[in-house]
Amino acid sequence: MALTRKQWNSIIILACVFIIAVLTFMDKKTHNVPSDAQLLFDDNAPLAQLQLDGIWLHKQTSSWECDPQVLNCEQWAKAWQGLRVSPLSDTPQPTGKPQELVIQITDIRQSQRWIYFPDEGVLKSPASNWYLVPPSLRTDLQPILDAKPAR
């Protein structure tokens, strides 16, 4: 039994509507930050410096300065400055490669050494507390590096 052009058009329209519905649903689920997510840095404890596996970020008077290899300095700084995390009650067992994260808060002389697992989106604080980074915020936390080594 062959389908008519009208039947094929109907099938294509229904398939498009279904795909749009699925993509809309996925977009809403991945771009929403959970309600329990809290700012990691706020007005009381603003980010002053950050070093992620040796790549650094530093707050100047009115702008951010980054390692010369970083191509997306402002975007990277904005992502870390506005980072929201959710505390985890259970200790995760991350399997991805960890990155050392050294954080310096304004007006606090002592830096903090955190561990970040980008594949799972989990952070381990110096006090061994675990935090989950929402999926929609994870990609901007990694700097885009220049392919040529800095001199």
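Select Glu-100 and Arg-113 in this predicted model. Their side chains meet in a salt bridge, 3.1 Å from N to O. The count of salt bridges comes to one. Glu-100 sits in strand β6 and Arg-113 in strand β7, so the pair ties together parts that are 13 residues apart in sequence. Now color the two by accessibility. Glu-100 has 38% relative accessibility, so it counts as partly exposed. Arg-113 is exposed, at 52%.

Next, stay on β6 and pick Leu-101. Skip its neighbours within four places in sequence, and Leu-101 is in contact with Leu-50, Gln-51, Leu-52, Trp-80, Gln-112, Arg-113, Trp-114 and Leu-123. Arg-113 from the salt bridge is thus on the contact list of Leu-101 too.

Widen the selection to the largest nonpolar core. It has 25 residues. Leu-101 is among those with the most contacts inside it, along with Leu-47, Leu-50, Leu-57, Trp-76, Trp-80 and Leu-123. Show β2 (47-52), β3 (55-59), β4 (64-66), α2 (73-81), β6 (99-105) and β7 (112-117): each supplies at least two core residues. Which element gives the largest share of this core? Helix α2 does, with five residues.

Now go to residues 7-26. An unreviewed UniProt entry places a transmembrane region there. In the model this span is 100% helix and 0% strand, and its end C-alpha atoms lie 29 Å apart.

Finish with Phe-18, Ile-19, Val-22, Leu-23, Phe-25 and Met-26. Together they form a nonpolar surface patch with about 610 Å² of accessible area. Zoom in on Met-26, in helix α1 (residues 5-31). Is Met-26 buried or partly exposed? Its relative accessibility is 47%, so Met-26 counts as partly exposed.

Definitions and conventions
Residues are numbered from 1 along each chain as its sequence is written. This is a predicted model: local features need pLDDT of at least 70, side-chain atom pairs count only at pLDDT 80 or more; totals for chains, interfaces and linings use all residues. Side-chain values use heavy atoms; hydrogens and water are left out. A nonpolar core is a set of buried Ala, Val, Leu, Ile, Met, Phe, Trp, Tyr and Cys residues joined through side-chain atoms within 4.5 Å. Buried means under 20% relative accessible area, exposed over 50%, partly exposed in between (1.4 Å probe, protein chains only). Helices (H or I, at least four residues) and strands (E, at least two) are DSSP runs, numbered from the N terminus. Contact means heavy atoms within 4.5 Å. UniProt positions are given in the numbering used here, feature names are shortened, and annotations may be inferred rather than shown by experiment. Patches are made of residues with over 30% relative accessible area and no salt bridge: like charges are joined within 9 Å, nonpolar side chains (Val, Leu, Ile, Met, Phe, Trp, Tyr) within 5 Å. Accessible areas come from the Shrake-Rupley method with a 1.4 Å probe; for residues, only the protein chains shown count as cover. A salt bridge is a side-chain nitrogen of Lys or Arg within 4 Å of a carboxyl oxygen of Asp or Glu.
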